[in-house]
Amino acid sequence: MKRGLSLLIIICLLLSLSGCSGIYSNFRELERLLVIQTMGIDYAEEGVGISLASGAKSDGSSPVRLFSPGVSVTSAIAHILSYSQEQELFLSHTSHVVLGEEAAKNGINGYLSYICRSPNLRTDIPLYIVKGGTAQEAVMQVGDGSKGISEVLEAVRANVDERGDSKAFSASELLRNLERNGSGLICAIECSPSIQEGGTKQEGDSGSSAGTGGMESPDNAGDSDGGGEKQEQEKQALTAAAVGYGVIRGDRLCAYIDKEQAIGVGLLLNIVGISDIVVKDRYATPVTLELDQGSSVIKPVWAEDGSLEMLDIQIKAAANIAEIGGGGHFGEPDYEDYLTAQLETAVSERVSSVIQLSKTLQADFLGLGSIVEMDDAEKYRALGGDFASLLPGLTVRISVSGQIKHTNDIRDEKA
């Protein structure tokens with residue numbers, strides 16, 4: 001009994017000396033930490049501009065927003081920490097990374113490398129690109145007095161997860177696609193004025209700031225209008241919404257795919273949520289179809305000599321009728337068949353435009369080369385060269401099978 005007790009004491013001592021009690025070694029007081037949830041990356045003359053934002057605070061005050069340029073991501077973050085009033089930045093809870101358009105045009109390999117190497121960031125962080133804007137604008141200006149870019153992007157991500165016209169690809173997914181296919185997609189967002197009532201804020205109500213991009217001097221706060229009081233101007237709050245994809249070829253942004261085309265991307269990648277497609281019936285009445293089911297099968301067709309003759313793409317798409325002017329004419333023969341044909345045409349147009357863009361850019365962001373290789377690896381190797389270079393001359397046959405599942409009209413006996 002004594003021998004067993006002595007052995008137990010020795011084991012505990014060894015564990016404590018070896019650092020196994022280090023569960024507390026990285027302990028930091030919560031009140032000393034600023035938990036960062038969104039990181040923005042922009043191209044800057046110095047090298048890079050970094051924007052950081054916390055989440056909404058429990059007391060209802062504005063999220064903290066910080067910005068600084070630097071020669072590297074690491075130096076910019078160090079500069080923010082040195083010149084802000086925050087005692088320590090906690091980056092391990094970062095949930096979103098936003099890239100400015102100019103940064104993506106100049107190449108994203110360095111930023112992806114930082115995400116992969118950083119011990120504080122996860123590679124499954126979703127990436128976004130600000131179409132026509134900067135990450136600094138998104139991080140520093142999106143949101144109202146009580147919430148910021150982090151909460152808005154959470155809503156964006158939930159929305160794109162349900163819809164079929166966009167997807168928030170992670171850093172690891174983009175890296176894998178660039179490695180395999182030479183091209184990839186990144187979710188594009190657009191900053192615009194919010195339509196939500198009460199979504200205004202006052203100048204200077206954007207939380208803390210640091211660095212040359214966000215510093216405000218108290219010396220500038222007086223003597224306007226001779227009253228010694230700072231003039232406060234109201235400006236409309238911005239929000240962010242998903243607007244399709246950015247196409248990354250190599251490591252640079254080369255094109256955008258709008259929300260209409262993005263429905264075709266979802267079908268080709270078998271990522272189908274709920275999307276609205278507006279068609280017209282035979283009386284030129286607009287009909288809104290809610291596409292909620294779909295899939296694709298992509299099959300290479302090989303010639304007798306082993307060359308790739310074409311890609312055969314078969315699409316299935318099913319939709320409900322969400323809205324129709326005048327109630328429709330479902331009692332008439334072939335009326336529903338006509339709408340089904342319109343659905344097939346609309347889907348075919350979206351899929352065709354995406355395929356054509358891939359061919360024009362010579363960018364295999366759909367992973368068609370991987371599908372061909374999986375079908376017959378030996379014949380694929382015999383094709384030689386980069387598959388993306390074969391895209392412009394590749395014949396693609398697209399066929400669509402559509403279905404109207406439900407009219408959503410309680411007066412319709414077939415519904």
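**Entry 1: terms and model**

I take a residue as buried under 20% relative accessible area, as exposed over 50%, and as partly exposed in between. By that rule K259, at 35% relative accessibility, counts as partly exposed. I note at the outset that I am working with a predicted model.

**Entry 2: overall make-up**

I looked up the secondary structure and found 12 helices and 15 strands in the protein. Of its 415 residues, 44% count as buried. I then turned to the surface: the protein exposes about 21600 Å², and carbon and sulfur atoms supply 48% of that area. For contacts with a separation of 6 or more, I recorded that 72% are accounted for by residues 24 or more positions apart.

**Entry 3: nonpolar cores**

Which residues touch the most other members of the largest nonpolar core? I listed I257, L268, V347 and F365, within a core of 48 residues. Helix α9, spanning residues 335-361, gives the most to this core, with 10 residues. I also noted another core that lies apart from it; this one has 36 residues, including A76, V97, L112 and I129.

I next examined L268 by itself. Leaving aside neighbours within four places in sequence, I found L268 in contact with S296, I298, I313, I315, V351, V354, I355 and L366.

**Entry 4: aromatic rings**

I counted two aromatic pairs. One of them joins F169 and Y245, with 6.0 Å centre to centre and 45 degrees between the planes, and I entered it as tilted. F169 sits in the loop between α6 (149-162) and α7 (171-181), whereas Y245 belongs to strand β10 (residues 238-249). The two are 76 residues apart, and the pair thus links distant parts of the chain. Are F169 and Y245 buried or exposed? I found both of them buried.

I then checked for lysines over ring faces. K167 lies over the face of F169, at 5.1 Å from the ring centre. K131 lies over the face of Y256, at 5.1 Å from the ring centre.

**Entry 5: salt bridge between K259 and D165**

Side chains of opposite charge can pair when their charged atoms come close. I counted 10 salt bridges in the structure. In the one between K259 and D165, the closest N and O atoms are 3.8 Å apart. K259 lies in helix α8 (residues 259-268) and D165 in the loop between α6 and α7, so this pair ties together parts that are 94 residues apart in sequence. Why does D165 count as buried? Its relative accessibility is 5%, and the limit for buried is under 20%.

**Entry 6: further salt bridges**

I looked up D312 and R397, whose side chains meet in a salt bridge at 3.1 Å, N to O. D312 is in strand β14 (residues 308-324) and R397 in strand β15 (residues 396-406); at 85 residues apart, they link distant parts of the chain. D312 is buried, with a relative accessible area of 10%, while R397 is partly exposed at 43%.

I also recorded a salt bridge between the side chains of D376 and K379, at 4.0 Å, N to O. D376 has a relative accessible area of 22% and is partly exposed; K379 counts as partly exposed at 29% relative accessibility. Finally, I noted that R163, D165 and K259 are joined into one network by salt bridges that share partners.

Note on methods
Residues are numbered from 1 along each chain as its sequence is written. This is a predicted model: local features need pLDDT of at least 70, side-chain atom pairs count only at pLDDT 80 or more; totals for chains, interfaces and linings use all residues. Side-chain values use heavy atoms; hydrogens and water are left out. Helices (H or I, at least four residues) and strands (E, at least two) are DSSP runs, numbered from the N terminus. Buried means under 20% relative accessible area, exposed over 50%, partly exposed in between (1.4 Å probe, protein chains only). Contact means heavy atoms within 4.5 Å. Accessible areas come from the Shrake-Rupley method with a 1.4 Å probe; for residues, only the protein chains shown count as cover. A nonpolar core is a set of buried Ala, Val, Leu, Ile, Met, Phe, Trp, Tyr and Cys residues joined through side-chain atoms within 4.5 Å. Rings of Phe, Tyr and Trp (its six-membered ring) pair if their centres lie within 6.5 Å; planes under 30 degrees apart count as stacked, over 60 as edge-to-face and the rest as tilted. A charge sits over a ring if NZ of Lys or CZ of Arg is within 6 Å of the ring centre and within 35 degrees of the ring normal.
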